[in-house]
Amino acid sequence: MSPLQLTSDEEKALKGEHGDALATAYRILLAIGEATEAKELVPIKWAHVSGVNYNTIGDSGVEFLEKLSKDGKVAVKTTINPMGFDPVKVNSLKLNKEFIAKQNRIVSAYERIGVTRSFTCIPYEVFDLPSKGTDVSFAESNAAVYANSVAGLRTNKESGLSALASSLTGKAPYSELRIEELRKPNMGIKVNYELDNEVDYGLLGYFAGKVSNNSVAFSGIENLSKRNAKSLSAALGTSGSCGMFTHGTAGETIEFGKEEARKIRDELHTSEKGDVITLGSPQLGVDDLSLLADMVHGKKFRKRCLIFCARAAYEGARKLGYTEKIEKAGGEMLCDCCTCLTPLIDRNEVDNVITNSIKGAYYLNNSNKVGVCLKSLKEIVREECE
Amino acid sequence: MRMKCRAIVKGIVEGEVLITKQPINFLTMIDLKSGIVKDDRHDLYKKKIANKVFVFPNAVGSSVGAYSIYALKGNNVAPKAIVCNKADITTASGCAIANIPLVDSPDSDLLVINSGRWVRVDAINGIIKLLPTFSAGRPVRPLP
């Protein structure tokens, strides 16, 4: 007997009485509900779906989405992750035709399902947030961690498929980080030196993801800026299964010091130099673009610098004059796509990349197979601009 | 020997075990065309997960790993079954659409099983049974 109780309507949908797409969606919810010991499904208000970039889901993903889009329709507000390229600049990006065609098929399938064309991995910065405590269903690990830890929303660390299933049904299993009691961290990490920049916070996040699960409490980083919280959330979501952090102490506490930071840095910092700079992962928001514009104003990048941002952030920043300053400095601004698994960084053309993103460094090393030189934004501007 | 476990995605299969103590990131660590572990820092480096009963603690990292499990199935190089200490959302949702039997939470330590051992995974009744390699002194299955 399954511990997860479905209503009679949900049972019917599972059997296919409401179409193939909903049957698939309920099969996914049933499996994750059982895996996470849920007793029931609960309504959610917003789904954020990953699995948009062709490099992340491949041919079988294209086929799956096209099949699902035959009769699948969103039941709640649904936003989606970045795709593989900036569609406005696609002609100047030297991409192969097959990639572009497959990517367009994915986007069309999502459009038939009825999603918002957000193409962002920072939905928490681009869209108005619902009230605290609202249940959402966020795939994209940085967004799930940020939603739980900073925005006060409730989500499990969803997979692309589970968030999509929640989008079609408007429901998610009531389990893990959706349950108040289980949101309490079961271990603590004490930071025993002063973290200076976003790279340091990323190293902490990557370390925390490796040693914790579900929820972790940090002490020693009380005044966390939004920018550092993004970096921390992204790195935390990359290395493990932990989906939330809080401030304080809990259970067993381990220390994070310079030695722990150095070990993580050694794992990800695989090159002393880079041919291209990439900023993003997560995408830059308006505040990030404002900071960057101030830092590079009157300077010039000595290397190609790709800057990945949400289109909504780009438009906002353009009105405020930030994008002009960045582009004058030689920055190449790209919307609707991001650093992770980007086809724009190809190891046949680029050996090593400079980035300030720990999450980006992990995927550039492991998926794009290029060397990575980690530098904070301050160091990048100081050392790579003139 | 048999272990009780939770059946998450239903099905019954027999197969050869491939086991690791390290978590798996399906998106970055597995070559989806061949089903071979491509991460040179993983202890299963160069091992093939295709058609094995794949035993690992849990999946980590990317939220699109579920699609990677589905892609392995589409390329005919998926594991026959997956056994986890604690099934996570990525693994469960990937197995659900790829129709790969999935069990977790075994009642004894999975590490008593070695790679190469044959097992029967009953993901309907929630039982993992270790199968004999020898019968009356003769091998009945490929030797580990």
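I started at A:C309 in this predicted model. Setting aside neighbours within four places in sequence, I found A:C309 in contact with A:Q283, A:L284, A:L289, A:Y314, A:M333 and A:C335.

I then looked up the largest nonpolar core, which has 171 residues. A:C309 is among the residues with the most contacts inside this core, and so listed with it are A:A31, A:L289, A:I307, B:A92, B:C95 and B:L102. I next asked which helix of chain A gives the most to this core. I found that helix to be α2 of chain A, residues 20–35, with ten residues in the core. I note that nonpolar side chains tend to be buried together in soluble globular proteins.

Next I turned to the contact between the chains. I recorded 32 residues from chain A and 29 residues from chain B. On the side of chain B that touches chain A, the elements giving two or more residues are β2 (6–9), α1 (26–29), α2 (65–74) and α3 (89–98) of chain B. I noted that α3(B) gives the most to that side, with eight residues. By class, I entered the residues of this side of chain B as 16 nonpolar, ten polar and three charged.

Last, I checked helix α7 of chain A, residues 160–169. Is this helix mostly covered, or mostly open? I found α7(A) mostly covered, with ten of its ten residues buried. Among the buried residues I listed A:G160, A:S162, A:L164, A:S166 and A:L168. Just after α7(A), I noted that A:G170 takes a positive phi of about 75 degrees.

Technical notes. Residues are numbered from 1 along each chain as its sequence is written. Chains are lettered from A and ligands numbered from 1 in the order in which they are written. This is a predicted model: local features need pLDDT of at least 70, side-chain atom pairs count only at pLDDT 80 or more; totals for chains, interfaces and linings use all residues. Two residues are in contact if their C-beta atoms, placed from the backbone, lie within 7 Å. Helices (H or I, at least four residues) and strands (E, at least two) are DSSP runs, numbered from the N terminus. Ala, Val, Leu, Ile, Met, Phe, Trp, Tyr, Cys and Pro count as nonpolar, Asp, Glu, Lys and Arg as charged, and the others, Gly among them, as polar. A nonpolar core is a set of buried Ala, Val, Leu, Ile, Met, Phe, Trp, Tyr and Cys residues joined through C-beta atoms within 7 Å. A residue is buried if 20 or more other C-beta atoms lie within 10 Å of its own, exposed if 12 or fewer, and partly exposed in between; C-beta atoms are placed from the backbone.
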